[in-house]
Amino acid sequence: VSKALDAVEQALARKGVLAFDPSRDVAERDQAVAATVEASLELLASAERQRYAELAIFPQDVPIPLARAAELWQLTAGLDAYETQDLITTRLDPLSLLDYDGDGGMIRLHDVLRSYLAAKLGDRASLHLRLTDHWGDRPARGDGYAWRWLAFHRAQAAMTSAQPQRHALTESLVALVTDAD
């Protein structure tokens, strides 16, 4: 039984919620994912659903530090670090909407869930901008995370913005990545 459960877990990790139904076409799979995710999301309050969806702005396949989720949620909803950890540990993780590593303080969002949330998320550009505006043009010297992901968030803001803001954001991004300092 233990080996069978391990095999099921590995298949789910590799292929997601539809690991055992290869006969479905893409539209049916998307519909099944939507139904599965929506069933879990219905158990959350509206504000909790919004906070969860906001996690979709973080890069795919990159663990999200709990502190960065707290930073985002402080900007969008005024949550502090304790409220963030409480939402993660008592609501989102138990519903398997994400994986939380308490020892490392990291959150992992499955690619399928992230894609689903990103498609549902409203003004992604403003979320990316709020985070980068908070970091500034030159994040604190010791803030490796902000330095590493500043260009990513600015690029995402530019790609999801309308003109003329897209042009201005693209110019800002070019200035950032070509600045040798």
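Q: Where in H8 is the kink centred, and what is its angle?
A: In this predicted model, H8 has a kink of about 40°, and Leu-150 is at its centre. That angle lies between two axes, one fitted to the seven residues ending at a residue and one to the seven starting there.

Q: What makes the span of H8 close to the expected one?
A: H8 covers residues 144–159, which is 16 residues, and its first and last C-alpha atoms are 24 Å apart. The expected span is 1.5 Å times one less than the number of residues, and for H8 that comes to 22 Å, so the two values are close.

Q: Which residues of H8 are called buried, and why?
A: They are Tyr-145, Ala-146, Trp-149, Leu-150, His-153, Arg-154, Gln-156, Ala-157 and Ala-158. They get that name because each has under 20% relative accessible area. Among the elements covering them are strand E1 (64–65) and the helices H4 (66–77), H7 (124–135) and H9 (165–178).

Q: Why is H3 called oblique to H4?
A: Their axes come within 10 Å and cross at roughly 130°. Roughly perpendicular ends at 115 degrees and roughly antiparallel needs over 145, so H3 counts as oblique to H4. On the H3 side, the contact is made by Arg-51, Tyr-52 and Glu-54; on the H4 side, by Leu-72, Trp-73, Thr-76 and Ala-77. The crossing is right-handed.

Q: What makes up the chain as a whole?
A: You can find 9 helices and 3 strands in it. Of its 181 residues, 38% are buried.

Methods. Residues numbered from 1 in each chain as written. Predicted model: local features only at pLDDT ≥ 70, side-chain atom pairs only at ≥ 80, totals over all residues. Heavy atoms only, no water. Helix = DSSP H or I, 4+ residues; strand = E, 2+ residues; numbered from the N terminus. Buried < 20%, exposed > 50% of the residue type's maximum accessible area, 1.4 Å probe, protein only. Contact = heavy atoms within 4.5 Å. Axes fitted to C-alpha atoms, helices over the stretch in contact; angles between N-to-C directions. Parallel < 35°, antiparallel > 145°, perpendicular 65-115°, else oblique. Left-handed = near helix turned anticlockwise from the far one by under 90°.
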